[in-house]
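Dear colleague,

Please find below the structure that I am handing over to you. My findings follow it, beginning with the chain as a whole and then turning to local features.

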Amino acid sequence: AASQILQGIGNTATVCDEVFENERARFPRYIGPSRILRPYNAKDAAMAASLRVHEIEDLAFSKEEKSKEVYIRMFEAQTGNLVVSNLRLMLLPDSSLLETSEAKRRLVKPILTMLWEDVKGFNYIANNLIIQANNTGDHPQLKFSTEAKASRAKQKLEKLQGEFGSNKRGKIAGAITSVAKGLRIKINMFGSSASEMSGSKAVSQADEETGEQQPPPGIA
């Protein structure tokens with residue numbers, strides 16, 4: 001009987017270990033750039049975890065630059081949770097606050113992802129916050145419960161844009177631009193050389209057909 005009890009305790013412990021390994025009871029504590037340890041905030045922890053799960057997919061960012069992304073804050077709207085980092089804005093559905101399993105969080109797809117570089121500005125009409133985008137006519141909207149909340153969100157986002165709006169796509173974008181520019185120069189040089197060669201060849205063929213011989217350089 002004693003051996004059966006011990007076996008039962010062992011089985012329970014094994015099951016608990018597997019649960020704790022696969023399912024967290026809560027998100028890891030978020031510690032901001034100031035490195036000051038503050039009371040645990042479940043919402044900030046959840047949104048910071050979302051940034052890690054939904055990594056920036058833009059190929060212009062290097063792995064090192066992606067690793068330097070920092071969670072700043074979130075805005076709770078009726079249409080979802082707007083997560084703000086030093087590099088982008090990301091809108092997630094409300095269910096993103098509930099899933100503590102990383103595997104399940106990957107199934108919660110962002111409604112919107114926009115780099116700060118692509119944000120022109122913010123506006124609001126009634127209780128709808130409008131994100132004005134550069135280079136596109138698509139202006140995403142977030143619905144808040146009141147007009148006052150939409151107005152406050154606009155003011156805070158404009159302040160954040162003043163701080164992070166100058167952040168551009170990463171070093172890889174600059175490297176790609178340089179390579180493309182170099183290739184264009186080489187193509188142009190090759191095109192000019194090819195034109196000169198074809199012109200010289202055409203003149204030589206004409207001389208052969210007429211039987212005339214061009215004088216050497218310096219002789220009129």
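Which pattern does the protein chain follow when it is read along the sequence? In this predicted model, the order is α-α-α-β-β-β-α-β-β-β-β-α-α. The secondary structure thus consists of six helices and seven strands.

Some totals for the chain may be useful to you. The protein chain has 220 residues, of which 30% count as buried. Its accessible surface amounts to about 14,800 Å², and carbon and sulfur atoms account for 55% of that area. If one takes the contacts between residues at least 6 apart in sequence, 50% of them join residues at least 24 apart.

The sheet formed by β5, β6 and β7

An open sheet of three strands is found here, with the order β5-β6-β7 and antiparallel pairing. The edges are occupied by β5 and β7 (141-143). Each of these two has a single partner strand, so one side of each is left without a neighbour in the sheet. From one strand to the next, the twist averages 20 degrees.

As general background, strands of a sheet pair through backbone hydrogen bonds, in either a parallel or an antiparallel manner. Here, β6 and β7 run antiparallel and are joined by three bridges. Within this part of the sheet, L129 stands opposite L142 in β7.

Which helix packs on this sheet, and which strands does it touch? It is helix α5 (residues 147-164), which touches β5 and β6. The direction of α5 makes about 165 degrees with that of β5.

Two residues with positive phi

Two loop residues deserve a separate entry. The first entry is R35, which lies in the loop between α1 (2-22) and α2 (42-53). Phi of R35 is near 65 degrees, a positive value in a residue other than glycine. Is R35 buried or exposed? R35 counts as exposed because its relative accessibility is 60%, and the cut-off for that class is over 50%.

The other entry is A126, in the loop that connects β5 (119-125) with β6 (128-133). Here too the residue is not glycine and phi is positive, with a value near 55 degrees. A126 has a relative accessible area of 39% and is therefore partly exposed, as this class lies between the limits of 20% and 50%. The loop that holds A126 lies between β5 and β6, two strands of the open sheet described above.

With kind regards

Terms used
Residues numbered from 1 in each chain as written. Predicted model: local features only at pLDDT ≥ 70, side-chain atom pairs only at ≥ 80, totals over all residues. Heavy atoms only, no water. Helix = DSSP H or I, 4+ residues; strand = E, 2+ residues; numbered from the N terminus. Buried < 20%, exposed > 50% of the residue type's maximum accessible area, 1.4 Å probe, protein only. Contact = heavy atoms within 4.5 Å. Areas by Shrake-Rupley, 256 points an atom, 1.4 Å probe, with all protein chains shown as cover. Pairing = 2+ DSSP bridges. Axes fitted to C-alpha atoms, helices over the stretch in contact; angles between N-to-C directions.
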